[in-house]
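Hi,

Here is the structure I promised to pass on. Have a look at it first, and my notes on the ligand and the pockets follow underneath.

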Amino acid sequence: MSSFPTVRMRRVRKLPQLRRMVRETSLSSDDFILPLFICHGKGVDKPIGAMPGVAQWSIDKLAEEAPKIVDEKIPAVILFGIPDTKDATGSASWRDDGIIQQALQTLKRRSPELLTMVDLCFCEYTDHGHCGVMHEGMLDNDASLENLAKQAVSLAKAGADVIAPSGMLDGMIRTLRGALDSAGFAELPLLSYAAKYASGFYGPFREAAESTPQFGDRRSHQMDPANANEALREVALDIEEGADMVMVKPAMPYLDIIRQVKDRFGLPTAAYQVSGEYSMMIAAARNGWVDEERVMFESLIGIKRAGADMILTYFARKAAKILNTRGWPY
Ligand code: PBG
């Protein structure tokens with residue numbers, strides 16, 4: 001291989017047109033899934049302190065914003081519900097008039113072009129803040145699965161386009177696939193939060209979704225940040241059980257996992273740039289320490305480059321607006 005001075009790597013970096021042509025990764029609003037927090041009430045647009053630019057919306061506000069999200073060319077949203085009542089099992093999550101069921105019906109009526117994904121979990125719906133039924137201080141896997149199936153079928157009936165279970169329960173995908181098939185939803189896709197780590201980066205989300213555990217933590221079911229092989233086993237099992245798409249979460253500290261999952265399985269792979277990743281970039285930008293737009297795009301292209309096909313990100317609207325007007329800014 002030749003080297004300097006025959007080779008000068010800088011030659012192709014000099015002109016912006018050439019940089020555009022040799023760019024290996026691209027980012028588009030088609031890559032984004034926008035997370036939304038939906039609550040009861042009317043006219044609610046309640047900012048989340050720990051996530052500047054993100055708010056809880058009531059359903060009328062959602063109906064008002066949905067056409068704008070479509071205009072911004074964002075293909076999909078993922079909905080998180082804040083119920084008006086919580087109990088030990090999270091039963092508000094499978095009520096046919098539950099908050100997300102109502103939000104789905106409204107979206108299907110008002111903005112059918114917007115793909116609706118739903119986060120399937122219990123932590124927002126249980127009074128203890130854990131992701132299912134508790135038994136002697138521990139999450140009861142199999143009892144939680146039964147309830148999860150009820151929640152999935154109820155959301156499917158309300159019009160969900162994709163079900164995304166996030167609880168990291170064993171047998172989650174098999175149970176849901178069976179329940180949805182029996183209920184007549186054999187063609188409804190499952191996006192599994194297959195490799196979800198027990199992460200400190202979920203901090204701001206727990207304010208947004210009002211889902212902080214009242215005791216203990218989620219380390220008995222979410223993954224140890226030190227493990228990579230285990231993530232590959234999780235993904236393999238979910239594929240065997242019928243997952244159509246898989247997710248790695250969070251994104252930035254786990255780019256190696258995204259790459260390995262994509263290389264090994266080749267399935268549509270999503271990455272979740274979670275609340276803490278978003279909030280720390282905004283906070284640093286507000287302090288004048290980094291340029292918000294630059295770190296936003298750098299973090300998103302990094303996730304794409306690692307192998308993600310789609311990115312769940314709170315930056316979706318801001319990034320889409322820039323990409324669809326000025327184009328990729330680098
Ligand atoms: C569980 C769920 C969580 C997030 C998405 N789905 C919270 C958790 O596992 O504690 C976190 C997302 C984020 O931090 O942006 N329903």
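**Pockets and ligand site**

Let me start with the second largest pocket, where E1 gives the largest share of the lining, with four residues. Keep in mind as you read that this is a predicted model. The pocket in question, the second largest, has a volume of about 310 Å³. There are 15 residues lining the second largest pocket, and Leu34, Gly53, Val54, Tyr314 and Arg317 are the closest to its centre. Strand E1 (32-39), strand E3 (55-58) and helix H11 (316-325) are the elements that give two or more residues to this lining. Sorted by class, the lining of the second largest pocket comes out at eleven nonpolar, one polar and three charged residues.

Next, the largest pocket. Its volume is about 450 Å³. If you want to pick it out on screen, select Met9, Val12, Arg13, Arg19, Val22, Arg23, Glu24, Thr25, Ile301, Arg305, Trp328 and Tyr330, which line the largest pocket. Two or more residues of that lining come from each of helix H1 (16-22) and helix H10 (292-305). As for residue classes, the lining of the largest pocket divides into six nonpolar, one polar and five charged.

So where does the ligand sit? The space the ligand takes is the largest cavity. Around the ligand there are 18 residues, with Lys196, Arg206, Lys249, Ser275 and Tyr314 the closest. Tyr314 may look familiar: this residue is also among those closest to the centre of the second largest pocket. By class, the shell around the ligand holds nine nonpolar, three polar and six charged residues.

A few side-chain contacts to the ligand are worth pulling up:

- Serine 275: a polar atom of this side chain is 2.7 Å from a ligand oxygen atom.
- Glutamine 222: an N or O atom in the side chain lies 2.9 Å from an oxygen atom of the ligand.
- Aspartate 119: here the partner on the ligand is a nitrogen atom, 3.1 Å from a polar side-chain atom.

And how much of the ligand's accessible area does the protein cover? On its own the ligand has 410 Å² of accessible area, and the protein covers 100% of that.

That's what I have on the ligand site and the two pockets. Shout if anything looks odd when you open the file.

Cheers

Technical notes
Residues numbered from 1 in each chain as written. Predicted model: local features only at pLDDT ≥ 70, side-chain atom pairs only at ≥ 80, totals over all residues. Heavy atoms only, no water. Near = heavy atom within 4 Å. Polar contact = N/O pair within 3.5 Å; in protein donor to acceptor, adjacent residues only side chain to side chain. Areas by Shrake-Rupley, 256 points an atom, 1.4 Å probe, with all protein chains shown as cover. 1 Å grid on protein atoms, 1.4 Å probe; cavity = no way out; pocket = protein on both sides within 12 Å on 5 of 7 lines; lining within 4 Å. Sits in = over half its atoms within 2 Å of the grid points. Nonpolar A, V, L, I, M, F, W, Y, C, P; charged D, E, K, R; others polar. Points joined across faces, edges and corners; volume = space filled by probe spheres on them.
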